[in-house]
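This report describes a protein model from its overall makeup down to individual residues. Please keep the sequence and the coordinates at hand while reading.

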Amino acid sequence: MRHIWLAPFVLAAIVLITYQPSFRMGFYLDDYYNIERAGRIEESDVLRQIFDPRAQTLWYRPLQGLQFFIAVRLFGANSNAYHLVNIVYHAINVLLVYALAWRISKKWLLGFASAFFYATFTVYISAVNWAAIVEPLLGVPYLLSIWFWWNFLEKEHRRDYVLALVALILALMAK
């Protein structure tokens with residue numbers, strides 16, 4: 001039974017090992033645009049610049065804009081920090097996939113296999129290695145919305161319905 005609770009640590013370690021090469025990558029394509037734009041936002045105007053659709057020039061992604069606004073202030077131009085943030089998001093997503101698959105199937109091994117596949121899926125590499133890609137950020141509230149929706153379907157608590165809706169709105173605000 002102990003191996004069941006060891007699985008999340010193994011999955012997190014797999015994510016760190018798999019995506020460790022991204023620390024040699026630096027910035028790529030529109031990473032520069034996002035960092036430069038976030039660096040120009042004044043603290044007094046942050047809500048308008050990030051959440052007002054009329055202030056957007058390429059797309060409306062307020063959650064990503066907020067992430068870059070905070071990251072620029074914390075990390076400056078340290079590309080490794082941005083890659084670490086995406087790796088952490090991916091690790092959280094992997095653990096959420098593990099929990100969801102285990103919960104829905106009621107088989108921990110199926111949850112582990114699903115999460116292992118998701119953790120190491122080679123098509124997903126650019127989404128984690130590329131700092132400006134929003135999928136790792138998007139995955140957290142999206143998967144949480146599924147978790148809370150499943151809670152609502154099982155227990156019919158209004159709180160779970162509201163949490164699922166809030167998580168879904170955050171996911172939509174990410175992309």
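The text below goes from the whole chain to two helix pairs and then to single residues.

## The chain as a whole

The model is predicted, and the values that follow are computed from it. The secondary structure of the protein chain consists of 9 helices and 0 strands, so that reading along the sequence gives the pattern α-α-α-α-α-α-α-α-α. Along its principal axes, the C-alpha trace spans about 50 × 40 × 25 Å. Of the 175 residues in the protein chain, 42% are buried, and the accessible surface comes to about 10100 Å², with 70% of that surface belonging to carbon and sulfur atoms. When contacts between residues at least 6 apart in sequence are considered, 69% of them join residues at least 24 apart.

## Helix α8 and its two partners

Helix α8 can be described through its packing against α9 and against α5.

How are α8 and α9 oriented with respect to one another? Helix α8, residues 135–155, and helix α9, residues 158–174, pack at an angle of about 160 degrees with their axes 8 Å apart. Because angles over 145 degrees count as roughly antiparallel, α8 is roughly antiparallel to α9. The crossing of these two helices is left-handed. On the side of α8 the contact is made by L137, L138, P141, Y142, L144, S145, F148, W149, N151 and F152, while α9 contributes D160, Y161, L163, A164, A167, L168, L170, A171 and A174. Sorted by class, the residues of this contact are 16 nonpolar, 2 polar and 1 charged.

The axes of α5 and α8, in turn, come within 8 Å and cross at roughly 25 degrees. Since angles under 35 degrees count as roughly parallel, α5 is roughly parallel to α8. Here too the crossing is left-handed. The residues of α5 that meet α8 are N86, Y89, H90, I92, N93, L96, V97, A99, L100, R103 and I104, and their counterparts in α8 are E135, P136, L137, G139, V140, L143, L144, I146, W147, W150, N151 and E154. This contact divides into 15 nonpolar, 5 polar and 3 charged residues.

L137, L144 and N151 of α8 are named in the contact with α9 and also in the contact with α5.

## Two buried polar residues

S145 lies in helix α8 and belongs to the contact with α9. Its relative accessible area is 8%, which is under the 20% limit, and therefore S145 is buried. Not counting residues up to four places away in sequence, S145 touches A164, A167 and L168, and these three residues are listed on the α9 side of the helix contact.

N86 lies in helix α5 and is among the residues of that helix that meet α8. With a relative accessible area of 1%, N86 is buried. Leaving out residues up to four places away in sequence, N86 touches Q67, A127, V128, W130, A131, I133 and P136, and P136 is also one of the α8 residues in the contact with α5.

## Loop residues with positive phi

Which residues other than glycine have a positive phi? K106 and E156 do, and the table sets out their values.

| Residue | Phi | Location | Relative accessible area |
|---|---|---|---|
| K106 | near 65 degrees | loop between α5 (79–105) and α6 (108–120) | 63%, exposed |
| E156 | about 55 degrees | loop between α8 and α9 | 63%, exposed |

E156 is thus placed in the loop between the two helices whose packing was described above as roughly antiparallel.

## Residues R159 and W108

R159 lies in helix α9, and with a relative accessible area of 52% R159 is exposed. R159 and F148 are 11 residues apart in sequence and 8.8 Å apart in space, C-alpha to C-alpha, and F148 is one of the α8 residues in the contact with α9.

The place of W108 is in helix α6. W108 has a relative accessible area of 22%, and because the range between 20% and 50% counts as partly exposed, W108 falls in that class. Leaving aside neighbours within four places in sequence, W108 is in contact with H3, I4, A7, Y98 and W102. W108 and S22, which are 86 residues apart in sequence, lie 30 Å apart in space, C-alpha to C-alpha.

Notes: Residues numbered from 1 in each chain as written. Predicted model: local features only at pLDDT ≥ 70, side-chain atom pairs only at ≥ 80, totals over all residues. Heavy atoms only, no water. Axes fitted to C-alpha atoms, helices over the stretch in contact; angles between N-to-C directions. Helix = DSSP H or I, 4+ residues; strand = E, 2+ residues; numbered from the N terminus. Parallel < 35°, antiparallel > 145°, perpendicular 65-115°, else oblique. Left-handed = near helix turned anticlockwise from the far one by under 90°. Contact = heavy atoms within 4.5 Å. Nonpolar A, V, L, I, M, F, W, Y, C, P; charged D, E, K, R; others polar. Buried < 20%, exposed > 50% of the residue type's maximum accessible area, 1.4 Å probe, protein only. Areas by Shrake-Rupley, 256 points an atom, 1.4 Å probe, with all protein chains shown as cover.
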